[in-house]
Amino acid sequence: MAITLNSGFKMPIIGLGVWRMEGKDIKDLLINAIKIGYRHFDCAADYQNEVEVGEALAEAFKTGLVKREDLFITTKLWNSDHGHVVEACKASLKKLQLDYLDLFLVHFPIATKHTGIGTTASALDEDGVLDIDTTISLETTWHAMEETVSLGLVRSIGISNYDIFLTRDCLAYSKIKPAVNQIETHPYFQRESLVKFCQKHGIAVTAHTPLGGSLANTEWFGSVSCLDDPDLKGLADKYKKTVAQVVLRWGIQRNTIIIPKSSKQERLEENFKVFDFELTNEDMEFIKSKDRKYRTNNPAKFWGLDLYA
């Protein structure tokens with residue numbers, strides 16, 4: 001299954017996020033994922049593993065496992081490179097060993113002190129607070145993103161972690177409309193208004209953290225996951241599926257693209273087996289009632305301020 005973006009390109013509705021994947025494990029993980037059926041991989045300069053992802057992709061192409069045109073590869077512009085968009089895009093392409101990106105996203109709607117092309121350390125000021133660059137507007141960044149399309153480096157461009165206000169502004173000043181807004185959304189953080197706004201205006205929504213963060217966000221941010229919800233466990237029993245499969249299916253039926261992350265073979269397989277059942281309207285409404293407006297991924301822990309305040 002795929003969603004047709006406003007750029008005319010098709011984006012697989014399920015992908016594999018590579019955040020927190022260790023370099024030494026990536027090759028086997030990605031090769032196995034391709035064998036399972038994954039054709040969409042979500043990367044970012046900030047994940048610091050584009051080189052390893054590129055090596056895995058190169059092997060998959062070399063061995064004939066897939067062709068480049070079979071895959072949909074996303075990566076993201078880091079905060080410190082807002083003033084160096086084209087150079088950062090080229091640096092990511094080189095690491096990924098690709099001639100073009102299927103999707104290039106502005107990772108966060110914030111420009112920070114430049115630390116060198118492709119470096120992703122978050123520069124902090126003397127007070128331990130993120131060193132924000134107030135001289136670069138998001139409009140300037142977006143027009144540079146548009147240039148990556150004009151240069152043939154990128155097929156589609158989009159935004160990430162933008163709210164309704166910033167998304168509306170992007171629509172107002174863009175010559176090439178954002179094709180995607182990648183946001184945290186899951187049963188505990190549904191963001192129905194933002195999802196509907198984006199979809200109404202032709203912007204596809206990708207759900208990062210579609211399982212509510214699970215172990216990763218519990219470790220990093222001390223959050224709880226919807227996967228432990230007893231009511232969702234009851235639904236999983238009803239459909240003879242895992243809670244994760246039910247939650248991912250809910251995401252698909254909202255017409256959002258889902259990019260669950262896993263480093264385990266059995267989980268890779270499990271997360272992909274979400275096309276052989278369908279949640280009833282009543283169960284979709286029941287899950288809708290579980291919304292807690294609960295964000296599980298909040299970089300304030302590292303940046304010294306809450307950008308979502």
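**Close-up 1. K293 and its partner D291.** K293 is out in the open, exposed at a relative accessible area of 69%. In this predicted model, K293 forms a salt bridge with D291, and the closest N and O atoms sit 3.9 Å apart. That just makes the cut, because a salt bridge here needs a nitrogen within 4 Å of a carboxyl oxygen. D291 itself counts as partly exposed, with 26% relative accessibility.

**Close-up 2. A network of E192, K196 and R254.** Here salt bridges with shared partners tie E192, K196 and R254 together into one network. Zooming in on one pair, R254 bridges to E192 with 3.0 Å between the closest N and O atoms. This contact links distant parts of the chain, as the two residues are 62 residues apart. R254 lies in the loop between α9 (243–253) and β10 (257–258), while E192 belongs to helix α6 (residues 192–200). How buried or exposed are the two ends? R254 is buried, at a relative accessible area of 10%, whereas E192 comes out as partly exposed at 27%.

**Close-up 3. R168 and D169 side by side in the chain.** The side chains of R168 and D169 meet in a salt bridge, with 2.5 Å from N to O. R168 is partly exposed, its relative accessible area being 46%. D169 is partly exposed too, at 33% relative accessibility.

**Close-up 4. The full tally.** Stepping back from the individual pairs, the count comes to 12 salt bridges. Among them are the K293–D291 pair, the R254–E192 pair and the R168–D169 pair. As a general reminder, side chains of opposite charge can pair when their charged atoms come close.

Note on methods. Residues are numbered from 1 along each chain as its sequence is written. This is a predicted model: local features need pLDDT of at least 70, side-chain atom pairs count only at pLDDT 80 or more; totals for chains, interfaces and linings use all residues. Side-chain values use heavy atoms; hydrogens and water are left out. Buried means under 20% relative accessible area, exposed over 50%, partly exposed in between (1.4 Å probe, protein chains only). Helices (H or I, at least four residues) and strands (E, at least two) are DSSP runs, numbered from the N terminus.
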